[in-house]
Amino acid sequence: MTTRALDVLACGMVTAVGLDAPSACAAIRSRIDGFQETRFQSGPDEPIIGAPIPLIPEVVGEQRMAYMVAAAIRESLDPLSTPRAQAAQLVLCLPEEGRSGSPIEDSVRLVRRIGDLLGNSATGPTRVISEGRPAGHAALRTAARLLADPDTDHVVIAGVDSYLTAGTVTHYLAENRLLTPDNANGFIPGEAAGAILCGRAGQGNFRLAGLGLSREQAFIYNGLDADGMHLPLRGDGMTAAYREALAECGIEMAGLGYRIADLIGEQYWFRQSALASIRLVRGAHDFQDIRSPAESLGNVGAAVVPIMVGMAMTAAAKSYSGGSPVLIEASNDSGACGAAIFSFRVQ
């Protein structure tokens, strides 16, 4: 069984620039951002810039995450009848376990809240992947395996996350990771939810053609080697993920149309992506654009892969993409890397 057994049929989004996929994708394409001053501060009279969802402020924590992701899931299930929606399996992408200030304390309770909110549109069994930004790549592999079972017709991959909690902001301020007047090499904290509806190959025209998962040893918090030195970043993890996805797809790096990446703002992630590309490109090739939802949404953690896949599918359907196939990449602070290649078939 290969990952080619998976087509993406629909998507849903809840973001700072749009509460559904069409409006969010239009805003991101137009480079509209949801950045605004938040209640958090990096110093006296220095509010932190973030990208919050325009929900009732009193709705916080797991309840807020449940509302957000349930809306994205419901939107992605729109093409299905109620019985088919109820039979769909759910793979839920969440923040890394143990991440400081995570808005989700109990994933089982969150799943129960999501089911209560969806009501008659509730999906079937749920699997949880707590790996932050690249969780969506692991979810794609899980979805392909589930769809190999003839009794499973549809799988929803959904992600939800928020970096706009007191614990998270305090932690990343202490680590000098947030964008502030005193730190240009930082990210803007955001929050979002995204969902994609997956089916077997042949059900749609936006197909997963290659998938790669790997791990970077020189991750952003990498420790010291035997000589007391930090490991140099060579992009080995992302290069390996690229290479695996390209091999499964049967193309060279130069054959890609464009890329979408979770470039959240810090130099580390730009260097990692550039190194992976440079190490695999051979010979002359056409210009390859690289896009990132972070330009509009900030760092949205585990929601980013479903959002990037939805961006690419919408762009292909509306004929404004940067070409086909498209490579979608993500990685997290502990070194997990993922790369997925999607192709668009004109029917």
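Let me start with a definition: a residue counts as exposed when its relative accessible area is over 50%, as buried when that area is under 20%, and as partly exposed in between. Keep that in mind for S319, which has a relative accessible area of 67% and so is exposed. One caution before we go on, everyone: this is a predicted model.

Let's stay with S319 for a moment. This serine sits in the loop between α10 and β11. Its phi is positive, about 65°, although it is not a glycine. For background, most residues other than glycine have a negative phi, and most peptide bonds are trans.

The loop between α10 and β11 has something else to show us. Which peptide bond there is cis? The bond from S324 to P325 is cis, with omega near 0°. P325 belongs to this loop, where α10 covers 304-317 and β11 covers 326-331.

G323 is found in that loop too. With a relative accessible area of 27%, G323 is partly exposed. Leaving aside neighbours within four places in sequence, what is G323 in contact with? The answer is G257 and Y258. And if you like distances, G323 and A312 are eleven residues apart in sequence, with their C-alpha atoms 9.9 Å apart in space.

Now let's move to another loop, the one between β2 (36-43) and β3 (46-50), where we find D45. D45 is not a glycine, yet its phi is positive, near 60°. Is D45 buried or exposed? It has 73% relative accessibility, so D45 counts as exposed.

On to the helices. Two packed helices are described by the angle between their axes and the distance between the axes. Our opening pair is α2, residues 61-76, and α4, residues 107-118: their axes come within 9 Å and cross at roughly 50°. The two helices are therefore oblique to each other, and their crossing is right-handed.

Who makes that contact? On the α2 side you can pick out E62, Q63, M65, A66, Y67, V69, A70, I73 and R74, and they meet R109, L110, R113, I114, L117 and L118 in α4. By class, the contact of α2 with α4 has ten nonpolar residues, one polar and four charged.

The other pair is α7, residues 236-249, with α8, residues 267-280. Here the axes come within 8 Å, and the crossing angle is roughly 50°. That angle makes α7 oblique to α8. The crossing of α7 and α8 is right-handed. From α7, the contact uses D236, M238, T239, Y242, R243 and L246; from α8, it uses Q272, S273, L275, A276, S277, R279 and L280. Those residues divide into six nonpolar, four polar and three charged.

Let me take you to the strands. A158 is placed in strand β6, which spans residues 154-162. Its relative accessible area is 0%, so A158 is buried. What does A158 touch, not counting residues up to four places away in sequence? The list is V69, I73, L90, V91, L92, C93, G194, A195 and P306. You have met V69 and I73 already, on the α2 side of the contact with α4. I114, on the α4 side of that contact, is 44 residues from A158 in sequence and 11 Å away in space, C-alpha to C-alpha.

For another strand residue, look at R215 in β8, residues 206-215. R215 is partly exposed, with a relative accessible area of 42%. Not counting residues up to four places away in sequence, R215 touches G237, S334, G335 and A336. R215 and L297 are 82 residues apart along the chain, and their C-alpha atoms are separated by 25 Å.

Last topic: the cysteines. How many disulfides are there? The count comes to zero. To see why, you need the cut-off, which asks for a pair of cysteine sulfur atoms within 2.5 Å. Take C25: its closest cysteine sulfur, in C11, is 5.5 Å away, too far for a bond. For C198, the closest cysteine sulfur is in C93, at 10 Å, which is also too far for a bond. C25 counts as buried, at 4% relative accessibility, and C198 is buried too, at 0%. And C93 is a name from earlier, one of the residues that A158 touches.

Thanks for listening, everyone!

Definitions and conventions: Residues are numbered from 1 along each chain as its sequence is written. This is a predicted model: local features need pLDDT of at least 70, side-chain atom pairs count only at pLDDT 80 or more; totals for chains, interfaces and linings use all residues. Side-chain values use heavy atoms; hydrogens and water are left out. Buried means under 20% relative accessible area, exposed over 50%, partly exposed in between (1.4 Å probe, protein chains only). Axes are lines fitted to C-alpha atoms, for helices over the stretch in contact, and angles run from 0 to 180 degrees between N-to-C directions. Helices (H or I, at least four residues) and strands (E, at least two) are DSSP runs, numbered from the N terminus. Angles under 35 degrees count as roughly parallel, over 145 as roughly antiparallel, 65 to 115 as roughly perpendicular and the rest as oblique. A crossing is left-handed if the near helix is turned anticlockwise from the far one by less than a right angle, and right-handed if clockwise. Contact means heavy atoms within 4.5 Å. Ala, Val, Leu, Ile, Met, Phe, Trp, Tyr, Cys and Pro count as nonpolar, Asp, Glu, Lys and Arg as charged, and the others, Gly among them, as polar.
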